[in-house]
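Q: I should like to take a close look at one part of this predicted model. Please treat that part in a connected account.

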Amino acid sequence: MTDIEKNANAITLLKKDHQKVKQAFAKYEDLGPHAYVGKKKLANEICAELTLHTQLEEEILYPAFRENLSDEKALVNEAKVEHDSAKVLIKEIQQMEADEELFDAKVKVLSEYIDHHVKEEENEMFPLMQKSDVDLVLLGEKLTQRKQQLNKT
Ligand SMILES: [Fe+2]
Ligand SMILES: [Fe+2]
């Protein structure tokens, strides 16, 4: 087992996803205003990545948080509401063409939502989990397994 695999607990895995999406949003910004094919393709990739990520968090991370940090429920409830708002935008983006008037704006607002949400997860939720009794290595294994399963379907 490499050092990277040994350290692949739930938090490092999720942070890696966050980084990947952040880079994809930055790449989107760099595409020219008329690069419709490229923008649609990249937006679809971002939406797929976020859909998978939010599902994994809701199935595996958030329940573990609720169970072990019952005094901090407000934080996880807020995170769930943020996921739900993001999902509305994701669905709209998936149904739009890149040359539509509001397409860039939807992607931009989604990136701002996600940026805010990721900061709360990384600065508030994850540190609380690290201090709790949650087995982050086990959770990491569950996340990896479920991700592989969902990627196959
Ligand atoms: Fe999240
Ligand atoms: Fe996340």
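At what angle do H3 and H5 pack, and how far apart are their axes? Please describe their contact and the surroundings of these two helices.

A: In this predicted model, H3 and H5 pack at an angle of about 25°, and their axes lie 12 Å apart. An angle under 35 degrees counts as roughly parallel, so H3 is roughly parallel to H5. Their crossing is left-handed.

The contact itself can be followed residue by residue. On the side of H3, the participants are Lys39, Lys40, Ala43, Leu50, His53, Glu57, Leu61, Tyr62, Ala64 and Phe65. On the side of H5, they are Phe103, Asp104, Val107, Leu110, Ile114, His117, Glu121, Met125, Phe126, Leu128 and Met129. Sorted by class, the residues of this contact comprise 14 nonpolar, two polar and five charged.

Several of these names return in the largest nonpolar core, which has 22 residues. Those that touch the most other members are Leu61, Phe65, Met125, Met129, Leu136 and Leu139. Two or more residues of this core come from each of H2, H3 (36-68), H4 (73-95), H5 and H6 (136-152). H3 gives the largest share, namely seven residues. Leu61 shows how such a residue is surrounded: beyond four places in sequence, Leu61 touches Ala10, Leu14, Leu56, Phe126, Met129 and Leu139. A second core, separate from this one, has 20 residues, and Ala24, Cys47, Ala86 and Ile114 are among them.

Other helices also pack against this pair. H2 (residues 10-30) meets H5 (residues 103-131) at an angle of about 160°, with 11 Å between their axes. Because of this angle, H2 is roughly antiparallel to H5. The crossing of H2 and H5 is left-handed. Their contact contains twelve nonpolar, three polar and six charged residues.

His18 offers a view from within H2. With a relative accessibility of 8%, His18 counts as buried, because the limit is under 20%. Apart from neighbours within four places in sequence, His18 is in contact with His53, Glu57, Val118, Glu121, Glu122 and Phe126. Of these, His53 and Glu57 appear on the H3 side of the contact between H3 and H5, while Glu121 and Phe126 appear on the H5 side.

H3 also packs against H6. The axes of these two helices come within 10 Å and cross at roughly 145°, and the crossing is right-handed. Glu49, Leu52, Gln55, Leu56, Glu59, Ile60, Leu61 and Ala64 in H3 meet a set of residues in H6 that includes Leu139, Lys142, Leu143 and Arg146. By class, this contact has eight nonpolar, two polar and five charged residues. Leu61 and Ala64 take part here, and they also belong to the contact of H3 with H5.

Finally, Val134 lies in the loop between H5 and H6. Val134 has a relative accessible area of 11% and is therefore buried. Beyond four places in sequence, Val134 touches Ala64, Asn68, Met129 and Leu139. The C-alpha atoms of Val134 and Leu69 are separated by 9.1 Å, although these residues are 65 residues apart along the chain.

Technical notes:
Residues are numbered from 1 along each chain as its sequence is written. Chains are lettered from A and ligands numbered from 1 in the order in which they are written. This is a predicted model: local features need pLDDT of at least 70, side-chain atom pairs count only at pLDDT 80 or more; totals for chains, interfaces and linings use all residues. Side-chain values use heavy atoms; hydrogens and water are left out. Axes are lines fitted to C-alpha atoms, for helices over the stretch in contact, and angles run from 0 to 180 degrees between N-to-C directions. Helices (H or I, at least four residues) and strands (E, at least two) are DSSP runs, numbered from the N terminus. Angles under 35 degrees count as roughly parallel, over 145 as roughly antiparallel, 65 to 115 as roughly perpendicular and the rest as oblique. A crossing is left-handed if the near helix is turned anticlockwise from the far one by less than a right angle, and right-handed if clockwise. Ala, Val, Leu, Ile, Met, Phe, Trp, Tyr, Cys and Pro count as nonpolar, Asp, Glu, Lys and Arg as charged, and the others, Gly among them, as polar. A nonpolar core is a set of buried Ala, Val, Leu, Ile, Met, Phe, Trp, Tyr and Cys residues joined through side-chain atoms within 4.5 Å. Buried means under 20% relative accessible area, exposed over 50%, partly exposed in between (1.4 Å probe, protein chains only). Contact means heavy atoms within 4.5 Å.
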